[in-house]
Amino acid sequence: RTKSEVRNNNLIKHLPEQEQLNALSKFKSEYNNLSEPEQFGIVMSNVKRLRPRLSAILFKLQFEEQVNNIKPDIMAVSAACEEIKKSKSFSKLLELVLLMGNYMNAGSRNAQTFGYNLSSLCKLKDTKSADQKTTLLHFLVEVCEESYQDVLNFTEDFQHLDKASKVSAENLEKSLKHMERQLQQLEKDLQTFPVAEDKHDKFVAKIFLVHAKEDFQKLSRMHENMEKLYQNVMRYYAIDLKKVSVEEFLTDLNNFRTMFMQAVKDNMRRREAEEKQRRAKIAKEKAEKEKQERQQKKKRLLEMKTEGEETGVMDSLLEALQSGAAFRDRRKRIPRCSNLYWADGIKF
């Protein structure tokens, strides 16, 4: 708030009653002998219709702020309703959900359903797979990613949905009615205000009232258009306006939008994790294969070495037999007998 707003608000809040102001005005002649607060009270007591004037000034100071608080909310809800109605991606998504639901309900009493409540979109997250790792919403996102890429754009179509879901239509209406009452009160007060006697009187509420009424009428038309837009879009989706408020409708859609975007991220992380596992598996298989190849190569080298050694031994033996070296060596190893004698012609 500005200093002027705070000052005027405090003046109105702590303003003495008219009887007290009238009593103070009797001490005009002793003005110089009074304290500063009393002097201020005497000056204020001379202003005719003081309280309505202060209220009008405060309303003037706060009017622009009130407009700036209300207008963006009206625009957000209006824009969100138009985006929901015009989004082809969202319409295609709703068709896919209906098709998926009818496929799952085949053979049951809910088979061949013609429609469903939009609030059911958030319940897609509650239906989980057998391993409890993914949901029906994750599956829907995966189908869109594989075959219906354009459907994923619906989250981008709803640019104003998040802000619109936080707007209270009831509070908007109350704010507009309060503003309207303030304008009516100001207009009524201006009719009873006396003509300014002092040329230094800067009270220009009459000029402000003209511009304020114009701005309020524009704001009211915007609000009426907003109501028509959200009523049309809710009827378009067969939503009972008496049972579901515009806040609930927009909040449900915004929650689904948030869940959908989260499911997209979840699927991406899952694919990255699966790809990481796949690469790790390939790397492990490659390492095991290389290890086996090294072991086989080492085994063949050992076998070749053993075969080479056996071949060398045989070659050496054959060479020794052919050259007679094997026999010479043997003869060298036969011990000589030092004591020889003959018996019956046989030498020992």
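**Exercise 1. Is Gln-132 buried or exposed, and where along the chain does this residue lie?**

Step 1. Gln-132 has a relative accessibility of 52%, so this residue counts as exposed. The classes are buried (under 20% relative accessible area), exposed (over 50%) and partly exposed in between, with a 1.4 Å probe and protein chains only.

Step 2. Gln-132 sits in the loop between H5 and H6. Helices (H or I, at least four residues) and strands (E, at least two) are DSSP runs, numbered from the N terminus.

Step 3. Look at the backbone too: phi of Gln-132 is near 65 degrees, a positive value in a residue other than glycine.

Step 4. Now try Ala-238, in the loop between H10 and H11. Its phi is near 55 degrees, also positive in a residue other than glycine, and with 69% relative accessibility Ala-238 counts as exposed.

A word on what you are looking at: this is a predicted model, in which local features need pLDDT of at least 70 and side-chain atom pairs count only at pLDDT 80 or more, while totals for chains, interfaces and linings use all residues. Residues are numbered from 1 along each chain as its sequence is written, and side-chain values use heavy atoms, with hydrogens and water left out.

**Exercise 2. Describe the overall make-up of the protein chain.**

Step 1. Count the elements: there are twelve helices and two strands. In sequence order, the pattern is α-α-α-α-α-α-α-α-α-α-α-α-β-β.

Step 2. Check burial: 28% of the 348 residues count as buried.

Step 3. Turn to contacts (heavy atoms within 4.5 Å). Among those with a separation of 6 or more, 74% join residues 24 or more positions apart.

**Exercise 3. Which residues touch the most other members of the largest nonpolar core, and which helix gives the largest share?**

Step 1. Fix the term: a nonpolar core is a set of buried Ala, Val, Leu, Ile, Met, Phe, Trp, Tyr and Cys residues joined through side-chain atoms within 4.5 Å.

Step 2. The largest core has 60 residues, and Ile-84, Phe-90, Leu-140 and Phe-249 touch the most other members. Elements giving two or more residues to this core include H4 (50-86), H5 (88-104), H10 (205-236) and H11 (246-323). The largest share, eleven residues, comes from H4.

Step 3. Follow Phe-90: apart from neighbours within four places in sequence, Phe-90 is in contact with Ile-84, Leu-121, Phe-154, Phe-158, Tyr-237 and Leu-253.

Step 4. Look for another core: a second, separate one of five residues includes Leu-15, Leu-21, Met-44 and Leu-54.

**Exercise 4. How do H4 and H9 pack, and how do H5 and H6?**

Step 1. Angles run from 0 to 180 degrees between N-to-C directions, and axes are lines fitted to C-alpha atoms, for helices over the stretch in contact. Under 35 degrees counts as roughly parallel, over 145 as roughly antiparallel, 65 to 115 as roughly perpendicular and the rest as oblique.

Step 2. H4 and H9 make an angle of about 150 degrees, with axes 10 Å apart. These two helices are therefore roughly antiparallel.

Step 3. The contact residues of H4 and H9 divide into twelve nonpolar, four polar and two charged. Here Ala, Val, Leu, Ile, Met, Phe, Trp, Tyr, Cys and Pro are nonpolar, Asp, Glu, Lys and Arg charged, and the others, Gly among them, polar.

Step 4. The axes of H5 and H6 come within 11 Å and cross at roughly 120 degrees, which makes H5 oblique to H6.

Step 5. Leu-93, Leu-96, Val-97, Met-100 and Met-104 of H5 meet Leu-136, Phe-139, Leu-140 and Cys-144 of H6. That contact has nine nonpolar, no polar and no charged residues.

**Exercise 5. Is Ile-42 buried or exposed, and which residues is Ile-42 in contact with?**

Step 1. Ile-42 lies in H3 (residues 36-45), and at 2% relative accessibility this residue counts as buried.

Step 2. Leaving out neighbours within four places in sequence, Ile-42 is in contact with Leu-24, Phe-27, Lys-28, Tyr-31 and Leu-34.

Step 3. Widen the view: the buried residues of H3 are Gln-39, Gly-41, Ile-42, Met-44 and Ser-45, and these pack against H2 (18-25) and H4.
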